[in-house]
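Me: I want the reasoning behind each label, not just the label. Take me through it in short turns.

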Amino acid sequence: MCGIVGAVAQRNIVPVLVEGLRRLEYRGYDSCGVAVLGAEGPRRVRGTERVADLDAQTQEMHFEGVTGISHTRWATHGAPTIDNAHPIFSNNALAIVHNGIIENYESLRDALRAKGYQFASQTDTEVIAHLIHSLYRGDLFAAVQGAVRELHGAYAIAVIHKDQPHTVVGARAGSPLVVGYGKGENFLASDALAVAGNTDRFAYLEEGDVCEITLDGVRIADRDGHAAQRAVHAVQAYGGAVELGPYRHYMQKEIFEQPRAIGDTIPAADPFGADLFGANAREVFDGIDSLLILACGTSYYAGLTAKYWIESIAKIRTDVEIASEYRYRDSVPNPRSLVVTISQSGETADTIAALKHAQSLGMKHTLAVCNVATSAMVQLTELKFLTHAGREIGVASTKAFTTQLVALFILAVTLGKLRGHVSDAQEAEYQKLLRHLPAALNGVLALEPQIIAWADEFARKENALFLGRGLHYPIALEGALKLKEISYIHAEAYPAGELKHGPLALVTEAMPVVTVAPNDALLEKLKSNMQEVRARGGKLYVFADADSHIVSDDGIQVIRMPEHYGLLSPILHVVPLQLLAYHTACKRGTDVDKPRNLAKSVTVE
Ligand code: AGP
């Protein structure tokens, strides 16, 4: 979602500000802009095209400066137009960029209007700009401190003022902001990645912090206005472009990286040791009586799969909730429950808020399964398990999902072992399955040509149903989500037993029904559900495995997975669904890596 970069230097920093935006592009945005301080006040260039266009414009105009801020915006308040693009000005005196949402912007706007302020945009950000302007008495830091006290909601901001050269003031609450310490120059960014290469020394601002960067120093105050020190970490964020290599899109590349990503996520030594989750994990795991998993989107489907594993292997009751629902409903907290948050980015606003909500209800045992070590979520939990998917650029999550599944399977077996439900022989078998997983995935990826042939047919459809049962129901949900988010085909998933309770009414010859059909305990039940579809003329597209004994016939096409993979079968079965969505989207000519209206990191509610 939105991205912030700020810099103070003795060189022209526009290339740094624009390059920072380019690195944050993958998170999703619909407009962008950059502002620098000039002799007469701030100057800006904004656009609703790509960062590359902004770059071309700034070069053409010889747009230069030594103090500046830049932004990629994902529209929340106001359409993605030039007027709403950041940086936003107040009275040609100050410029601001903002990530997050200000909930009380309407009342603040009314109060500012009453003071004579005029609004040139529909953004909540302009309220902050005018508020800071109204409080400015020659000290930008103090004005920002005063302004943020009046804000309700989430924000990370960076501000420059015409009377304070070589100064950028930032503040954060609910949205991340880091300070980059350079030599004779300093930086602000919503992610260290944006300015990596200019410095590798970063401090993560805390909730309510206000900071000021100048040429030779950084000043930070906490939410009570007291001077604060934040630990400076050496962070080797990789800022270079991720090469596409032989692939057409990052999503395709990331699908094919899954054997490597999974191999990297499986610990080299004992994969089921409690200490993998943190030094005191054993003690925590011994004291819990249930799990509460909180996540959004694809990560939520990983959680749903984990419920099957944890309840069957470790025999521990597990609830899975959509984070944005959990945070606002009255629930019955259980202090002996382990709260598990799952997130690729570790920045998802709803998941972070749900975690804090659970903590506020007295649930102190928390674990993050996350792909970003430096993310806010990882800082908030007692225990952590980091997945090693590597940077995922495609908005549609693929390798992050399968590595989350690996982490959650490891959690299930670890808990099962501690509770005496996993014998040595079973443990050895699970270990063997895990170690062989990358090779098994390579076998599945080799099915791509067959899946491309199916994609030809899907590209002409406007609807699709996905069916699965048991462990593979969440995989059907994930397959449907992948198809809708990148190909814009309406897709729904059902546990196959639910068909006759409603969705069967939708089944006609025009309705493709994708079925995930491994040879597990529910296969015979699933076959009956498939007959219900065939009897109504529906077209079945079945992913079976070697032992499923389902063959292609009239109204049924089968792609056979190379091997049956037992409890880890969901990790294999999701891959052809990713490929089907990907190739269908390619044939429909959509923007696969940056689907419309979506963002990679959903940092607002
Ligand atoms: C997946 O393809 C999605 N784009 C989306 O559902 C994503 O999984 C969700 O926003 C959660 O993100 P997170 O894992 O970074 O928390």
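Reply: Start with the pair S9 and S11. This is a predicted model. Strand S9 (residues 178-181) and strand S11 (residues 201-204) run antiparallel.

Me: What makes S9 and S11 a pair?

Reply: Pairing needs at least two bridges found by DSSP. S9 and S11 have three bridges. Therefore they count as paired. Within this pairing, valine 179 faces alanine 203 of S11.

Me: Which sheet holds these strands, and what is its order?

Reply: An open sheet of eight strands, ordered S3-S2-S4-S1-S10-S9-S11-S14. Its pairing is antiparallel.

Me: Why are S3 and S14 called edge strands?

Reply: Strand S3 (41-47) and strand S14 (232-234) each have a single partner strand, so one side of each lacks a neighbour in the sheet. Between neighbouring strands the turn averages 20 degrees, direction ignored.

Me: How do you know that helix H1 packs on this sheet?

Reply: Contact means heavy atoms within 4.5 Å. Helix H1 (residues 14-24) touches strand S1 (3-8), strand S2 (31-38), strand S4 (67-73) and strand S10 (186-189). The direction of H1 makes about 160 degrees with that of S1. Helix H2 (residues 51-60) also packs on the sheet, touching S2, S3 and S4. For H2 the angle to S3 is about 135 degrees.

Me: What makes S12 and S13 a pair?

Reply: The cut-off is again at least two bridges. Strand S12 (residues 210-213) and strand S13 (residues 218-221) have four bridges, in the antiparallel sense. So they pass. Glutamate 212 has arginine 219 of S13 as its bridge partner. The two strands form a hairpin, with four residues between them.

Me: What is the strand order in the parallel sheet?

Reply: Five strands form this open sheet, in the order S21-S20-S22-S23-S24. Strand S21 (490-495) and strand S24 (556-561) are the edges; each has a single partner strand, so one side of each has no neighbour in the sheet. The twist from one strand to the next averages 20 degrees.

Me: How do you know that S20 and S21 are paired?

Reply: Pairing takes at least two bridges. Six bridges join strand S20 (residues 463-468) to S21, and the two run parallel. So the pair stands. Glycine 468 is opposite proline 495 in S21. Helix H17 (residues 523-535) lies across S20, strand S22 (512-517), strand S23 (539-545) and S24. H17 runs at about 170 degrees to S22.

Me: Why is the space lined by Arg73 and His86 called a cavity?

Reply: A cavity is a set of points where a 1.4 Å probe fits but cannot get out. The structure holds one cavity of 30 Å³ or more. The largest cavity has a volume of about 80 Å³. It is lined by 14 residues, with Arg73, Thr76, His86, Gly100 and Asp124 nearest its centre. Strand S6 (94-102) gives the largest share of that lining, three residues. By class, the lining has three nonpolar, nine polar and two charged residues.

Me: Where does the annotated active site lie relative to this cavity?

Reply: The unreviewed UniProt entry annotates Cys2 and Lys600 as "active site". They are spread over 599 residues of sequence, yet cluster in space, with a largest C-alpha distance of 9.9 Å. Of these residues, Cys2 is included in the lining of the largest cavity. Cysteine 2 sits in the segment before S1.

Me: What lines the second largest pocket?

Reply: The second largest pocket has a volume of about 590 Å³. Its lining has 26 residues; closest to the centre are Cys296, Gly297, Thr298, Ala599 and Val602. Helix H9 gives the largest share, four residues. The lining divides into twelve nonpolar, ten polar and four charged residues.

Me: What makes the bond between histidine 86 and proline 87 stand out?

Reply: It is a cis peptide bond, with omega about 0 degrees. Most peptide bonds are trans. Proline 87 is in the loop between S4 and strand S5 (88-90).

Me: What is notable about phi of asparagine 91?

Reply: Its value is near 50 degrees, which is positive in a residue other than glycine. Most such residues have a negative phi. Asparagine 91 lies in the loop between S5 and S6.

Methods. Residues numbered from 1 in each chain as written. Predicted model: local features only at pLDDT ≥ 70, side-chain atom pairs only at ≥ 80, totals over all residues. Heavy atoms only, no water. Axes fitted to C-alpha atoms, helices over the stretch in contact; angles between N-to-C directions. 1 Å grid on protein atoms, 1.4 Å probe; cavity = no way out; pocket = protein on both sides within 12 Å on 5 of 7 lines; lining within 4 Å. Points joined across faces, edges and corners; volume = space filled by probe spheres on them. Nonpolar A, V, L, I, M, F, W, Y, C, P; charged D, E, K, R; others polar. UniProt positions renumbered as here; feature names shortened; annotations may be inferred.
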